[in-house]
Amino acid sequence: MTRLLWVIIAFLGVFQVKASKLDNGKHLVVGKLYPFSNKEVELTASWIKQRESLNITWLESLEPDRLLHNFRVAAGLPSSAKPLEGWEAPHIGLRGHFVGHYLSAAAWVVEKYAGTHLTHNLEYVVEGLYECQQVYGSGYLSAFPETDFDILETRFTGVWAPYYTFHKIMQGLLDVYVHTGNEKAYKMVLSMADYVERRMSRLAPSNIEQMMYTVTANPSNEMGGMNEVLYELYRLSKNRKYLDLATLFDPVWFLESLVWGEDILSGLHANTHIVLVNGFVQRYEATQEQKYMTAVVNFWNMLMHAHTYANGTSSGPRPNAVTDTSVSAEHWGEPGHLCNTLSKQIAESCVTHNTQRLNSALFALTGESCYADAFMNIFYNGVLPVQSVSTGAYVYHLPLGAPRYKKYLKENDFMCCSGSCTEAFSKLNNGIYYHNDSAIYVNSYVPSKVYWKKKKIQLEQTGNFPKEPVVDFQFSVKHPTNFSLKFFIPYWAEEVDVFVNGKKIKVQTKSSSFLEIERCWTNQDKVRIEFHYAFYLKTMPDKENMFAVFYGPMMLAFETKSEVILRSDKNVILRGFSKVDGTTARFVLRDGTQTYNLRPLFDIDDQQYGVYATIRDF
């Protein structure tokens with residue numbers, strides 16, 4: 001069946017749900033579990049809190065008038081500000097995208113820490129964007145001219161992903177509304193959606209099909225998360241037209257392949273398509289159409305089981321491509337073929353952060369521990385390692401070969417990963433706690449406090465996980481309260497000790513599951529979880545003698561300036577690992593006469609390192 005025929009079928013209504021499910025004016029929540037809100041989870045003093053602080057300092061350093069400059073120029077308004085550089089320079093087609101990331105990140109921070117300098121800056125930027133939108137009078141708002149869309153609709157190339165950038169602005173404004181209550185931002189995003197609807201309504205189905213066909217390397221028609229933001233807008237506004245509009249941004253060829261379970265990821269630009277899957281999640285939450293959930297789960301299984309490295313990250317060289325950075329660095333390859341992809345430009349940070357959003361959403365919808373496992377692995381070994389522990393700078397790629405180094409972006413680069421990392425590190429309090437009516441789920445071990453308003457319970461978590469395997473919890477309750485605590489036991493945890501108020505209790509634990517403690521909790525009750533770490537290896541799917549080393553939850557990196565070639569077999573190698581006395585996260589490997597020093601990948605900063613090692617016979 002041709003792609004055009006699929007589009008025609010979609011327009012005839014095959015993929016639409018019954019109106020009775022959509023027009024009842026109710027917001028239907030379908031998730032089994034619910035994440036605690038941004039305001040309910042507070043990071044407390046720790047090394048992860050320091051990572052958040054580095055990011056907030058960066059956000060506060062950005063000058064609002066510089067962020068607004070290209071928008072004002074495009075709208076014909078005066079601006080004397082110094083233009084931003086890099087991918088936000090006045091001659092770059094993607095200009096304006098970072099401002100959308102800024103809006104989302106700042107909104108998340110302002111909601112948590114109201115009254116900061118960033119609060120004023122965020123309101124100033126929104127007002128400036130509003131003035132620009134008013135000039136057009138059509139709902140249009142961007143830092144590039146409307147003619148970019150004309151080119152996209154007729155040539156399908158020759159511009160740099162205008163819908164990608166348009167989506168960032170829409171999502172940023174919507175986040176400002178959701179997290180800070182700014183009504184003007186909401187009206188602005190509604191106007192932008194109406195503008196898109198008018199543009200799309202005059203296009204033939206064949207034109208729309210070509211616009212949605214993103215199979216080329218680094219597709220210039222990349223539409224970002226247009227489907228996701230429009231599905232969110234539908235859920236907020238209850239206006240059916242935004243549901244219909246969002247459907248146009250669901251590429252039928254991609255969606256149907258995932259529904260059938262066909263792995264067509266090879267050669268696709270990773271970040272173009274993973275954001276579409278996050279949009280499918282929003283569609284399912286809005287309408288409960290099972291085909292969208294099927295597509296999402298099938299995609300997750302394809303990604304995690306055939307396209308990811310040991311830390312859950314993905315993207316790398318496009319099959320058969322040997323030139324041009326974007327072609328050799330940002331794509332998925334052949335399923336299960338990873339050993340020859342360890343270039344300096346793998347694991348794009350945007351892809352990592354969007355994978356985490358998918359893990360979090362799937363866990364909330366299903367409560368399945370496999371998604372919690374993936375989230376924890378990527379959090380410590382994919383997300384945290386992209387930030388410099390000393391400056392807060394971010395990387396575009398996180399290479400895992402040897403020898404490698406982290407190439408940090410400059411402050412004036414404003415690449416896509418600058419924006420996605422800024423968002424991600426504004427949300428480090430996300431994904432730690434979930435709940436249903438009777439239980440709190442502890443998914444991540446991060447020093448923090450969570451307040452369950454409904455039951456008037458505060459739970460505080462302390463410790464130095466994962467560098468140290470002990471995590472403590474203390475309750476604050478006004479009255480004795482019955483409920484369950486469910487602690488996540490990751491796949492690597494074969495043995496766990498649990499103490500309640502200092503007394504060790506008998507528990508049966510199983511890796512990749514939840515340990516439940518149900519009782520009547522009183523004020524100042526305490527729980528201690530003691531994990532037992534061990535060294536283990538994760539091999540490449542297509543090369544058994546190539547592997548990454550883990551100690552408990554931590555992916556370890558060799559401190560090396562050369563390729564890591566080992567002589568012993570795996571069992572001997574595992575026996576050769578030991579922890580350096582008196583340290584929390586320093587290790588050595590003795591392989592014959594050779595000694596290697598290792599540390600967690602998230603502790604590597606400005607030095608050469610290697611992750612994957614190879615065993616060779618000599």
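**Packing around Ser-426, helix α3 and the aromatic pairs**

Beyond its neighbours within four places in sequence, Ser-426 is in contact (heavy atoms within 4.5 Å) with Asn-55, Leu-59, Ala-105, Trp-108, Val-109 and Lys-112. The model is predicted, so that local features need pLDDT of at least 70 and side-chain atom pairs count only at pLDDT 80 or more, whereas totals for chains, interfaces and linings use all residues. Residues are numbered from 1 along each chain as its sequence is written, and side-chain values use heavy atoms, with hydrogens and water left out. Ser-426 lies in the loop between α18 (416–424) and β3 (433–435), helices (H or I, at least four residues) and strands (E, at least two) being DSSP runs numbered from the N terminus. With a relative accessibility of 1%, Ser-426 counts as buried (under 20% relative accessible area, against over 50% for exposed and in between for partly exposed; 1.4 Å probe, protein chains only).

Two of these contacts, Asn-55 and Leu-59, are among the buried residues of α3, which also include Trp-47, Ile-48 and Trp-58. Helix α3 (residues 47–61) has 15 residues and reaches 22 Å from its first C-alpha to its last, close to the 21 Å expected (1.5 Å times one less than the number of residues). The buried residues of α3 pack against β2 (41–43), α5 (97–112), α6 (117–136), α17 (369–383) and α18.

The largest nonpolar core has 200 residues, of which Tyr-163, Phe-249 and Phe-531 touch the most other members; such a core is a set of buried Ala, Val, Leu, Ile, Met, Phe, Trp, Tyr and Cys residues joined through side-chain atoms within 4.5 Å. Helix α9 (residues 183–201) gives the most to this core, contributing 10 residues. A second, separate core of 11 residues includes Ile-92, Cys-350, Tyr-396 and Cys-417.

Aromatic pairs number 53, where rings of Phe, Tyr and Trp (its six-membered ring) pair if their centres lie within 6.5 Å, and planes under 30 degrees apart count as stacked, over 60 as edge-to-face and the rest as tilted. The rings of Trp-87 and Tyr-396 have centres 6.1 Å apart and planes at 80°, and the pair is therefore edge-to-face. Because Trp-87 lies in the loop between α4 (64–74) and α5 and Tyr-396 in the loop between α17 and α18, the pair ties together parts that are 309 residues apart in sequence. Both Trp-87 and Tyr-396 are buried.
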